[in-house]
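Here is a short set of exercises to work through with the model open beside you. Try each task before you read its solution.

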Amino acid sequence: STADPPSKTRKQSKQTLSSIFAMCETYWHGHFEDREQFVTQLIPLLLIKCLDVTAQKADIKRLHSIRDALNLLDFEDEE
């Protein structure tokens, strides 16, 4: 078996990341138990993605849709 070309691997990575984002968003919007655990991990990832030059409108909309979760972040924690 031959290795996948880098472009195919990159595309698969983006698809996987997008699926993870979607799952975390669904968990947040569904008001599931312990949803805060997922969304506090998702926010930094979405911020990084939105600040990238390749960001799409969908990325910004995704971050905007979970803006209420920003209140969960502890900006005074030094860790």
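A residue counts as buried when its relative accessible area is under 20%, as exposed when it is over 50%, and as partly exposed in between. Keep in mind that this is a predicted model.

**Exercise 1. The loop between helix 1 and helix 2**

Task: Find His31 and decide whether it is buried or exposed.

Solution: Begin with the place: His31 sits in the loop that links helix 1 and helix 2. Next, take its relative accessibility, which is 59%. That value is over 50%, so His31 counts as exposed. Now look at the backbone: the phi of His31 is positive, about 55°, although His31 is not a glycine.

Asp34 makes a good companion, as it is found in the loop between helix 1 and helix 2 too. Its phi is near 60°, again a positive value in a residue other than glycine. With a relative accessible area of 47%, Asp34 is partly exposed.

**Exercise 2. The two sides of helix 3**

Task: Which residues of helix 3 (residues 57-65) are buried, and which are exposed on the other side?

Solution: First, pick out the buried ones: Asp59, Arg62 and Leu63. They cover an arc of only 95° around the axis, so they lie on the same side of helix 3. A general rule helps here: an α-helix has 3.6 residues a turn, so residues three or four places apart point the same way. Then turn to the other side of helix 3, where Lys57, Ala58 and Lys61 are exposed. Finally, ask what the buried residues meet: they pack against helix 1 and helix 2.

**Exercise 3. Arg62 and its neighbours**

Task: Which residues does Arg62 touch, leaving out those up to four places away in sequence?

Solution: Arg62 belongs to helix 3. Its relative accessibility is 17%, so Arg62 counts as buried. Leaving out residues up to four places away in sequence, Arg62 touches Ser18, Phe21, Ala22, Glu25 and Leu46.

Follow one of these contacts, Ser18. Ser18 lies in helix 1 (residues 6-29) and is partly exposed, at 32% relative accessibility. From Ser18 you can also step to Asp59: the two are 41 residues apart in sequence, while their C-alpha atoms are 9.5 Å apart in space.

**Exercise 4. The largest pocket**

Task: What is the volume of the largest pocket, and which residues line it?

Solution: The volume is about 270 Å³. The lining is made of Lys14, Leu17, Phe21, Leu45, Ile48, Lys49, Asp52, Thr54, Gln56 and Asp59. Sort these by class and you get four nonpolar, two polar and four charged residues. To see where they come from, note that helix 1 and helix 2 (35-51) each supply at least two residues of the lining.

**Exercise 5. The cysteines**

Task: How many disulfides does the model have, and why is Cys24 not bonded to Cys50?

Solution: A disulfide needs two cysteine sulfur atoms within 2.5 Å. The closest cysteine sulfur to that of Cys24 is in Cys50, 14 Å away, which is too far for a bond. The count therefore comes to zero disulfides. As a last step, check how accessible the two residues are: Cys24 is buried, with a relative accessible area of 8%, and Cys50 is buried as well, at 17%.

Notes
Residues numbered from 1 in each chain as written. Predicted model: local features only at pLDDT ≥ 70, side-chain atom pairs only at ≥ 80, totals over all residues. Heavy atoms only, no water. Helix = DSSP H or I, 4+ residues; strand = E, 2+ residues; numbered from the N terminus. Buried < 20%, exposed > 50% of the residue type's maximum accessible area, 1.4 Å probe, protein only. 1 Å grid on protein atoms, 1.4 Å probe; cavity = no way out; pocket = protein on both sides within 12 Å on 5 of 7 lines; lining within 4 Å. Points joined across faces, edges and corners; volume = space filled by probe spheres on them. Nonpolar A, V, L, I, M, F, W, Y, C, P; charged D, E, K, R; others polar. Arc of directions from axis to C-beta. Contact = heavy atoms within 4.5 Å.
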